[in-house]
Amino acid sequence: MNAKAHFDRLALYNRWANRRLYETAAQLADAQAREDRGAFFGSVLGTLNHILVADRIWLERIEGGGPKPSALDEILHDRLADLRAAREAEDERIIRVVAEQPEERFEAPLAYRNIAGTAYELPFGEVLTHVFNHQTHHRGQAHGLLSQFGLKAPVIDFVYFRLNP
């Protein structure tokens, strides 16, 4: 499988896993979604907002435009239903951005500045690997938080996606 096909598949997996996670998170009462449970971004709401923040930061770097949050802990949406709608739209954006890339782009460098303004450069494929890995990392945290509330958190493993799309 070439790099483009690999990242196209990861973009679809990403949307699938987010949908499953948000379906479970929708069962939380508003107070539960906001409750600080000691996670890195505190609550389910804080953790899911952080994932969206990071995606928007990276997509702004990749596309050269679009929403650009100013802090990694910014709360973009204070209600889980609004955050879910924004997540759906961002997942569609990720799918589109990846699909638009020619195969040669995945080895080409992407120059960017972090939030502090420090310049970096990495191959575009490595940047996308980070974007998807970052989501997986924080989805895992949100998954654990949902379990703490007694909810049956969904299976979101990649292999399960491949076997049960």
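Y112 is buried, with a relative accessible area of 13%, where buried means under 20%, exposed over 50% and partly exposed in between (1.4 Å probe, protein chains only). Its partner W58 is also buried, at 11%. This is a predicted model, in which local features need pLDDT of at least 70, side-chain atom pairs count only at pLDDT 80 or more, and totals for chains, interfaces and linings use all residues. Residues are numbered from 1 along each chain as its sequence is written, and side-chain values use heavy atoms, leaving out hydrogens and water.

Now to the rings. Rings of Phe, Tyr and Trp (its six-membered ring) pair if their centres lie within 6.5 Å; planes under 30 degrees apart count as stacked, over 60 as edge-to-face and the rest as tilted. Eleven aromatic pairs are counted by this rule. Two of them are set out here:

| Pair | Centre distance | Plane angle | Class |
|---|---|---|---|
| Y13 and W16 | 6.0 Å | 35° | tilted |
| W58 and Y112 | 4.8 Å | 65° | edge-to-face |

W58 in helix α3 (residues 44–63) and Y112 in strand β1 (residues 109–113) are 54 residues apart, so the pair links distant parts of the chain. Helices (H or I, at least four residues) and strands (E, at least two) are DSSP runs, numbered from the N terminus.

Y13 and W16, by contrast, lie three residues apart in helix α1 (residues 3–25), about one helical turn. Both are buried, and they form one aromatic cluster with F158, Y160 and F161.

W58 has a charged neighbour too: the charged end of R61 sits over its ring, 4.3 Å from the centre. Such a charge is NZ of Lys or CZ of Arg within 6 Å of the ring centre and within 35 degrees of the ring normal. The charged end of R105 likewise sits over the ring of F124, 4.0 Å from its centre.
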